[in-house]
Amino acid sequence: MARPRALFWVLLLFLLVLTLLYGRRAFLSAQVILQRFDLSVSQEGPEEVAPGGTAIYAILVRNGGPDAAAGVVLSDVVPPGLRFDAGQSDPSCVVSEGIVFCGNGRDGKGFALGNGEEREFAVAFTVPAAAGCRITLANTVLVQGERGHDGDEGNNRSAVTTAVACVRR
């Protein structure tokens with residue numbers, strides 16, 4: 001019994017000393033570390049796409065709380081052989097070195113989601129006209145928060161497949 005109480009007082013004294021030495025910024029930093037959230041991502045995409053067509057994926061990022069999540073970044077690796085279609089994607093999505101970042105994620109700032117909030121993105125890829133028939137495309141997305149603790153990282157990734165189907169004439 002005495003041990004948890006002593007730990008509490010030591011932690012409180014530590015935070016007090018940090019606040020006296022470094023001001024309010026040290027206390028706010030300690031609060032950020034203690035934030036807890038549960039980011040999750042899901043997506044839907046077409047079952048089939050023709051060569052030369054566009055596959056558009058609807059991606060939903062959600063925060064299950066209990067706290068707000070800051071610095072949230074959604075990333076989507078461009079599937080091999082495809083081209084990112086910025087014109088049909090969410091305006092906040094940009095591509096850099098084969099990875100699509102949405103919600104201002106490339107600049108390191110990301111976006112914020114409060115408890116229970118969600119944000120949707122559309123990410124589009126063009127399938128080359130010379131793409132082979134009967135191949136399967138895999139689209140994998142990942143969401144991460146910059147600060148705090150994600151209680152369940154198992155739901156931070158989502159993958160769907162799309163078949164390239166050729167129409168017989």
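1. The residue taken up at the outset is Arg 62, which at 36% relative accessibility counts as partly exposed. The model under review is a predicted one. Arg 62 forms a salt bridge with Glu 118, and the closest N and O atoms of the two are 2.6 Å apart. A search of the whole structure finds one salt bridge. Glu 118, with a relative accessibility of 42%, is likewise classed as partly exposed.

2. The salt bridge links distant parts of the chain, with Arg 62 in strand E4, Glu 118 in strand E10, and their places 56 residues apart in sequence. The two residues are also related through the backbone pairing: the bridge partner of Arg 62 in E10 is Glu 118. Strands E4 and E10 run antiparallel and are joined by nine bridges.

3. The pairing of E4 with E10 belongs to a wider arrangement. Four strands form an open sheet in the order E2-E4-E10-E6, and their pairing is antiparallel. Strand E2 (39-44) and strand E6 (83-84) are at the edges; each has a single partner strand, so one side of each is left without a neighbour in the sheet. Between E2 and strand E4 (residues 54-63), which run antiparallel, there are six bridges. One of the residues involved is Leu 39, whose bridge partner in E4 is Asn 63.

4. Gln 43 merits separate comment. This residue is placed in strand E2. Is Gln 43 buried or exposed? Its relative accessibility is 8%, and since buried means under 20%, Gln 43 counts as buried. Two polar partners can be named for its side chain. The side chain of Asn 139 makes a polar contact with that of Gln 43 at 2.9 Å. In addition, the backbone oxygen of Ser 158 lies 3.0 Å from a polar atom of the Gln 43 side chain.

5. The surroundings of Gln 43 may be listed in full. With neighbours within four places in sequence left aside, Gln 43 is in contact with Tyr 57, Ala 58 and Ile 59, with Asn 139, Thr 140 and Val 141, and with Ser 158, Ala 159 and Val 160.

6. Turning to the aromatic residues, the count comes to three aromatic pairs. In one of them, the rings of Phe 84 and Phe 125 have centres 6.4 Å apart and planes at 65°, so the pair is edge-to-face. Phe 84 lies in strand E6 and Phe 125 in strand E10 (residues 118-126), so this pair ties together parts that are 41 residues apart in sequence. Both Phe 84 and Phe 125 are buried. Ring pairs also bring in Tyr 57, which is linked with Phe 84 and Phe 125 into a cluster.

7. A further pair involves Phe 111 and Phe 121. What is the geometry of their rings? The ring centres are 5.6 Å apart and the planes stand at 55°, so the pair is tilted. This pair, too, links distant parts of the chain: Phe 111 is in strand E9 (residues 111-113) and Phe 121 in strand E10, ten residues apart. Phe 111 is buried, with a relative accessible area of 7%. Phe 121 also counts as buried, at 3% relative accessibility. The ring of Phe 111 has a charged neighbour as well: the charged end of Arg 119 sits over this ring, 4.8 Å from its centre.

8. Some points of backbone geometry remain. Most residues other than glycine have a negative phi, and most peptide bonds are trans. Against that background, the peptide bond joining Gly 65 and Pro 66 is cis, with omega about 15°. Pro 66 is located in the loop between E4 and strand E5 (69-77).

9. Positive phi values call for inspection at two loop positions. Glu 97, although not a glycine, has a positive phi of about 55°. Glu 97 is found in the loop between strand E7 (94-96) and strand E8 (99-102), and at 73% relative accessibility it counts as exposed. Arg 134, a residue other than glycine, has a positive phi near 60°. Its place is in the loop between E10 and strand E11 (135-144). Arg 134 counts as exposed, at 72% relative accessibility.

Definitions and conventions:
Residues numbered from 1 in each chain as written. Predicted model: local features only at pLDDT ≥ 70, side-chain atom pairs only at ≥ 80, totals over all residues. Heavy atoms only, no water. Pairing = 2+ DSSP bridges. Buried < 20%, exposed > 50% of the residue type's maximum accessible area, 1.4 Å probe, protein only. Polar contact = N/O pair within 3.5 Å; in protein donor to acceptor, adjacent residues only side chain to side chain. Contact = heavy atoms within 4.5 Å. Phe/Tyr/Trp six-rings, centres within 6.5 Å; stacked < 30°, edge-to-face > 60°. Lys NZ or Arg CZ within 6 Å of the ring centre and 35° of its normal. Salt bridge = Lys/Arg side-chain N within 4 Å of Asp/Glu carboxyl O.
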